[in-house]
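Work through the exercises below with the structure open. Try each task before reading its solution.

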Amino acid sequence: MTSTEPQDSIPAEAGVASTRLARLRAHAAERGAVSLDELMSAMGRSSIAFAILILSLPALTPIPGPFGLVFGSCLAIVSLQIIAGYRRIWLPQFLGRRQVSGATIDLMVRYTAPLVLRVESLLQNNRMRRFAGPRAQAFLGIPVLLLAIAVALPIPFGNMLPVAALVMIALGLMERDGLVTILGLGMGVIALGATGGLVYAAAWGLGSIVGP
């Protein structure tokens with residue numbers, strides 16, 4: 001996993017996503033822990049864009065445990081629902097009931113806020129709307145699935161580009177900014193290429209150690 005510099009507060013001029021993340025942080029601190037189902041409901045369960053965002057960000061947080069695997073798997077399930085044309089999303093009970101501590105949510109929001117704010121600064125509501133509307137969203141299932149697999153892979157420092165691409169796609173959909181969505185897809189192609197290169201290098205290195 002990789003990290004960004006922590007940020008203790010969300011600026012007043014922050015966008016919708018940053019504001020909701022701040023509210024989620026406060027809610028989790030009050031409750032002590034939230035389930036993945038509660039986490040997604042707090043971000044707007046009927047919105048696939050919010051689900052992509054909230055399931056992507058934990059992979060960047062420098063905390064111990066297989067968070068990339070857990071949240072990448074959840075994101076893969078969501079992507080399959082996008083491909084199937086679902087408008088509301090759900091998680092299997094064994095994943096939905098999994099608890100995330102308030103301290104983890106706090107760390108996630110503080111460390112990922114700079115990335116979210118950076119992308120929000122690029123957003124322009126309803127720009128190239130046709131590339132970020134419901135019809136366009138239906139075509140994003142496969143790219144999101146591939147990026148989710150990249151996030152789930154246990155590759156050191158391999159999460160940053162896939163997550164950045166997913167954040168751009170999610171925020172582009174949330175603000176109906178088709179240009180940012182397209183840029184997110186372009187970054188996704190680069191991220192998948194980089195991930196493929198890392199996997200190939202790891203396989204080649206393992207093969208050279210094991211030998212013929």
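## Exercise 1: a helix pair

H6 and H9 are oblique to each other, a class for angles that are not under 35 degrees (roughly parallel), over 145 (roughly antiparallel) or 65 to 115 (roughly perpendicular). The model is predicted: local features need pLDDT of at least 70, side-chain atom pairs count only at pLDDT 80 or more, and totals for chains, interfaces and linings use all residues. Residues are numbered from 1 along each chain as its sequence is written, and side-chain values use heavy atoms, with hydrogens and water left out.

Task: at what angle do the axes of H6 and H9 cross, and within what distance do they come?

Solution.
- Start with the general point: two packed helices are described by the angle between their axes and the distance between the axes.
- Fit the axes as lines to C-alpha atoms, for helices over the stretch in contact; angles run from 0 to 180 degrees between N-to-C directions.
- The axes of H6 and H9 cross at roughly 50° and come within 10 Å.
- The H6 and H9 crossing is right-handed, that is, the near helix is turned clockwise from the far one, whereas anticlockwise by less than a right angle would be left-handed.

## Exercise 2: the overall layout

Task: how many helices and strands does the protein have, and in what order do the elements run?

Solution.
- Take helices (H or I, at least four residues) and strands (E, at least two) as DSSP runs, numbered from the N terminus.
- The protein has 10 helices and 2 strands.
- The order from the N terminus is α-β-α-α-α-α-β-α-α-α-α-α.
- Next comes burial: buried means under 20% relative accessible area, exposed over 50%, and partly exposed in between (1.4 Å probe, protein chains only).
- By that rule, 49% of the 212 residues are buried.

Task: how many of the residues of helix H3 are buried?

Solution.
- Helix H3 spans residues 48-56.
- Check each residue; the buried ones include Ile48, Phe50, Leu53 and Ser56.
- The result is 9 of 9, so H3 is mostly covered.

## Exercise 3: salt bridges

Task: how many salt bridges are there, and which residues form one network?

Solution.
- Apply the rule: a side-chain nitrogen of Lys or Arg within 4 Å of a carboxyl oxygen of Asp or Glu.
- The count comes to 3 salt bridges.
- One of them pairs Arg25 with Asp106, at 2.6 Å from N to O. Arg25 lies in helix H1 (residues 16-31) and Asp106 in helix H6, so this pair ties together parts 81 residues apart in sequence.
- Arg25 is buried at 16% relative accessible area, while Asp106 is partly exposed at 23%.
- Asp106 also bridges to Arg110, with the closest N and O atoms 3.0 Å apart. Arg110 and Asp106 are 4 residues apart in helix H6, which means a separation of about one helical turn.
- The general rule fits here: an α-helix has 3.6 residues a turn, so residues three or four places apart point the same way.
- Arg110 is buried, with a relative accessible area of 17%.
- Another bridge joins Asp177 and Arg127, the closest N and O atoms being 2.7 Å apart. Asp177 sits in the loop between H9 and H10, and Arg127 in the loop between H6 and H7, 50 residues apart.
- Asp177 is buried at 0% relative accessibility, whereas Arg127 is partly exposed at 21%.
- Through shared partners, Arg25, Asp106 and Arg110 form one network.

## Exercise 4: positive phi in the loops

Task: what are the phi values of Met128 and Arg176, neither of which is a glycine?

Solution.
- Met128 has a positive phi of about 50°. Met128 lies in the loop between helix H6 (102-120) and helix H7 (134-137).
- Its relative accessible area is 37%, so Met128 is partly exposed.
- Arg176 has a positive phi of about 55°. Arg176 is in the loop between helix H9 (160-174) and H10.
- Arg176 counts as partly exposed, at 24% relative accessibility.

## Exercise 5: a nonpolar patch

Task: which residues make the nonpolar surface patch, and which helix gives the largest share?

Solution.
- Keep residues with over 30% relative accessible area and no salt bridge; join nonpolar side chains (Val, Leu, Ile, Met, Phe, Trp, Tyr) within 5 Å, and like charges within 9 Å.
- Compute areas by the Shrake-Rupley method with a 1.4 Å probe; for residues, only the protein chains shown count as cover.
- The patch is made by Leu80, Ile83, Ile142, Leu146, Ile149, Leu153 and Val199, and covers about 580 Å². Helix H4 (67-83) and helix H8 (141-152) are the elements giving two or more residues.
- H8 supplies the largest share, 3 residues.
- Val199 lies in helix H10 (residues 178-210) and is partly exposed at 39% relative accessibility.
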